[in-house]
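Please walk through this model with attention to its surface patches and to its unusual backbone geometry. The paragraphs below take these topics in turn.

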Amino acid sequence: MSQESDPPPKKFLSEYETSDEYCQAALKAIALLTKSSNSLPSDNSDTWNYYSTFKDFRLVMNTESSSIWHLIKDLLAFSSVNAPHAAPAKANQLVDLISEVNDHLLERVHSLLDEAEGLKSKEELHLMQVTSSGSKTISGSWNVPKKENSNEPVLITAKNIARPQLQFQSQIDNSNSPFIPKLKDKPNGIKPLSILLEYDERGEIEFYSHPYLFEIQHFKMYPSLLEHQDTTPIKPIEQTPLVWVSSPGDLDTMIQDLLKEKEIAVDLEAHNYRSFMGFTCLIQISTSSKDYLIDPFPIWSEMTCLNQVFTHPKILKIFHGADSDVIWLQRDFSLYLVNVFDTFRASVLLEFPKGSRSLKYLLSRYIGLNVDKQYQLADWRIRPLPSEMEKYAREDTHYLIFIYRKMKSDLLEKSNREKHLLVTAYDRSSDICKSRFEKPIFHETKHLDLLKKNRRSFNSKQLFALKDIYAWRHKLARREDESEHYILPNHMLLNICSELPREMQGILALCNPIPPHVKQNLVELHTIVYEARGKPLTFTSAIQEANVLTIQESEIIANNDVIQDPLKCPLDLSQNSSTDKLETFLGKKENVFKKKKSLRFCKISPHIEIFKRKRQIDVKFTGSKEIKIPLSPFQRYKLLIPFLQSVKKVEEIGEPKTNDQRIDSIKKHFEELTQMSKEEIVEPMEKEEEVKPTEEKESPSEKEMQKPKKNKKFVKRSMTEENNETIHPSKKRPTNFESYDLHQLSQKPTANPEEYNPAKEFKMKHVNNKKSNNKKHFNKSGNRSHSYKKK
């Protein structure tokens with residue numbers, strides 16, 4: 001007999017029989033690696049700077065460092081440790097990263113070894129309750145009842161929660177492509193299964209058609225839906241059996257039981273903080289005799305078979321606020337609904353107040369049950385589910401069938417013979433089922449919505465950082481299947497973009513607590529901030545970038561087929577894509593629109609004298625002549641600027657004056673101007689010589705400097721008109737500054753002494769009056785009679 005030889009012992013690895021041999025060989029390789037690395041020049045030594053001048057040395061070092069970094073990334077990915085995408089800039093940062101990863105791996109090894117030896121059991125969930133710590137208002141009134149048990153929202157979470165999407169990660173699609181229903185067959189379908197690619201009204205975003213849209217549109221209500229039903233009270237939760245469904249066999253058994261029912265109540269609990277699009281954590285289904293709680297995590301791919309119940313036209317599905325539930329069922333399991341009744345829509349038709357349409361109010365109104373809603377913010381990923389959360393989930397659906405029957409009878413009582421209110425409730429509930437899930441789409445201008453929502457104003461550097469960090473956060477959230485708020489909350493994002501810290505530690509200082517992904521991708525985040533600091537600072541880019549969205553929307557509206565209608569209003573300028581180029585009344589004096597003849601009657605001669613010379617109006621008003629508007633104060637000021645500059649130069653040449661002296665001189669100047677009459681300004685210098693015979697004759701040069709040039713524009717009325725008028729000494733004529741021609745003052749000042757200068761002319765005349773010291777008397781006719789000297 002040939003004796004069979006024993007099989008060779010199984011080796012630890014292909015080259016090593018035991019783990020000890022592998023460890024010894026690894027230690028030898030590490031020792032050689034350390035010895036060879038020590039022989040290389042370090043960064044801080046002078047030899048490194050010398051060798052770095054050679055191109056071949058730099059090429060070899062860059063190639064080897066990139067290959068080492070790729071090996072480190074592969075090892076971290078194999079160990080399920082998130083690594084930064086870009087290599088650290090300095091060697092010290094890389095060493096710190098490796099030490100942190102080693103500590104993490106060693107802790108994991110120690111915990112697994114303790115569990116294998118039985119020294120430590122598996123980690124149990126430690127529930128935590130987080131409530132609002134705000135200040136409570138205390139009333140001093142004696143008749144205000146005190147609330148002993150306040151049902152404030154409580155955030156229930158746990159320290160050690162495994163990510164459930166790791167079990168069904170292949171079923172999650174966070175790409176930017178349109179959502180595709182995962183249906184292989186179509187139960188209860190009138191029309192065969194056809195999922196076609198369609199386009200929206202704008203013709204840009206593509207999506208897939210609703211598989212059960214035809215069945216929803218052609219659903220006909222059977223007579224029992226419009227009749228009164230028995231409203232006997234339902235059994236309490238304590239007397240109703242509970243069935244947990246967490247396996248394919250349990251799911252098939254539940255489906256067979258539900259197919260025998262006519263009415264079922266459905267509700268969902270979801271989680272969206274540790275997922276990009278969110279996922280369903282629990283499904284509650286209640287019948288008149290049982291309550292079902294479905295744990296979808298172990299049977300994620302088998303949940304589509306529930307379409308046998310949800311699309312059955314003879315089974316009524318009762319929801320409260322089904323808007324989100326319909327979307328979640330389509331997104332996670334490709335489940336669709338036919339024949340639905342929403343109690344929230346019914347409460348709107350029954351004209352309940354806005355604050356009295358919640359499920360809590362309906363339970364207290366129809367059943368007299370005060371439900372504790374403090375677990376609305378609970379983390380429904382916790383397994384096993386605590387008893388408090390289990391009771392809360394059952395209360396959402398256990399009494400919903402009885403509430404439906406009571407609301408149905410109320411609707412029938414308030415309806416007419418056609419039962420219009422009840423029919424409207426069914427129709428509005430069916431419209432919810434027609435909604436379709438669409439993936440969130442990223443736009444380049446989406447960061448501006450965050451800026452407007454928080455009422456912030458950024459410059460060009462801050463806007464550049466906001467745009468790039470917002471895009472980086474969105475891209476990382478899609479890849480890691482995390483929510484954007486978990487990657488980097490909005491308030492931290494705005495703080496980083498507003499401050500633009502120079503160092504990495506400044507970014508960490510603005511984040512409290514520091515998000516894990518910010519710490520892992522700190523180098524990449526700091527690179528974006530550093531590039532933003534180097535951008536040129538402009539203040540117009542913020543306005544231009546904020547208007548991008550409105551310009552795109554206006555172009556989309558202009559190209560819309562719905563607006564291009566023969567019935568469109570010709571005065572609606574929003575349809576024009578070039579509305580931003582239209583001239584405005586502020587930018588152009590002429591009217592943009594076509595001129596039309598006005599039916600208003602204009603006066604030929606206005607009451608105010610200032611408008612007599614400037615405003616020229618045609619008597620027949622044919623519309624050919626334009627109305628000339630008088631000069632504004634600012635235009636008059638612009639014409640006086642050259643003259644004021646010349647006066648300033650003259651003052652600079654003379655002795656320096658203080659501010660008080662300048663103010664006093666200006667006051668005296670205006671007081672003397674107001675005392676002067678019009679005749680004194682216009683009167684020629686020759687008459688003044690006749691009145692003063694005692695004074696010596698001046699030279700022709702001085703006389704010409706004092707005498708103003710005769711200008712028809714400067715004198716409004718002729719001399720004959722002045723002689724005919726009488727001036728009473730007690731009633732002097734007010735100075736009419738309208739008669740002055742200020743256009744001559746707009747010219748540049750020259751050194752010509754013959755040019756008219758009103759300040760100089762007034763000064764010379766004032767000096768001559770002081771020399772004469774004559775008092776002038778007037779006759780009744782207004783002419784000067786005689787003069788005499790002061791003693």
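Is Tyr51 buried, partly exposed or exposed? In this predicted model, Tyr51 has a relative accessible area of 38% and is therefore partly exposed, since that class lies between the limit of under 20% for buried residues and that of over 50% for exposed ones. Tyr51 belongs to helix H2, which covers residues 46-51, and together with Tyr50 and Phe54 it makes a nonpolar surface patch of about 330 Å².

A patch of another kind is found further along the chain, where Asp96, Glu100, Asp103 and Glu107 gather on the surface as a patch of negative charge. Of these residues, Asp96 can be placed in helix H4, which runs over residues 91-117. Asp96 counts as partly exposed because its relative accessibility is 45%, a value that falls short of the threshold of over 50% required for an exposed residue.

The backbone deserves a separate look, and here a general expectation is useful as background. Most peptide bonds are trans, and most residues other than glycine have a negative phi. Against that background, the peptide bond that joins Arg383 and Pro384 is cis, with omega at about 0 degrees, and Pro384 sits in the loop that connects helix H10 (359-366) with helix H11 (387-398). A cis peptide bond also joins Asn512 and Pro513, again with an omega of about 0 degrees; in this case Pro513 lies in the loop between helix H18 (504-509) and helix H19 (516-520).

Where, then, are the residues with a positive phi, Lys419 and Arg455, placed along the chain? Lys419, although it is not a glycine, has a positive phi of about 55 degrees, and it is found in the loop between helix H12 (400-414) and helix H13 (420-433). Its relative accessibility is 29%, so Lys419 counts as partly exposed. Arg455, which is not a glycine either, has a positive phi of about 55 degrees and is located in the loop between helix H14 (446-453) and helix H15 (460-480). Arg455 has a relative accessible area of 79% and is therefore exposed, because this value passes the cut-off of over 50%.

Technical notes. Residues numbered from 1 in each chain as written. Predicted model: local features only at pLDDT ≥ 70, side-chain atom pairs only at ≥ 80, totals over all residues. Heavy atoms only, no water. Patch = residues over 30% accessible without salt bridge, like charges linked within 9 Å, V, L, I, M, F, W, Y side chains within 5 Å. Areas by Shrake-Rupley, 256 points an atom, 1.4 Å probe, with all protein chains shown as cover. Salt bridge = Lys/Arg side-chain N within 4 Å of Asp/Glu carboxyl O. Lys, Arg positive; Asp, Glu negative; His and termini not counted. Charge placed at Lys NZ, Arg CZ, Asp CG, Glu CD. Helix = DSSP H or I, 4+ residues; strand = E, 2+ residues; numbered from the N terminus. Buried < 20%, exposed > 50% of the residue type's maximum accessible area, 1.4 Å probe, protein only.
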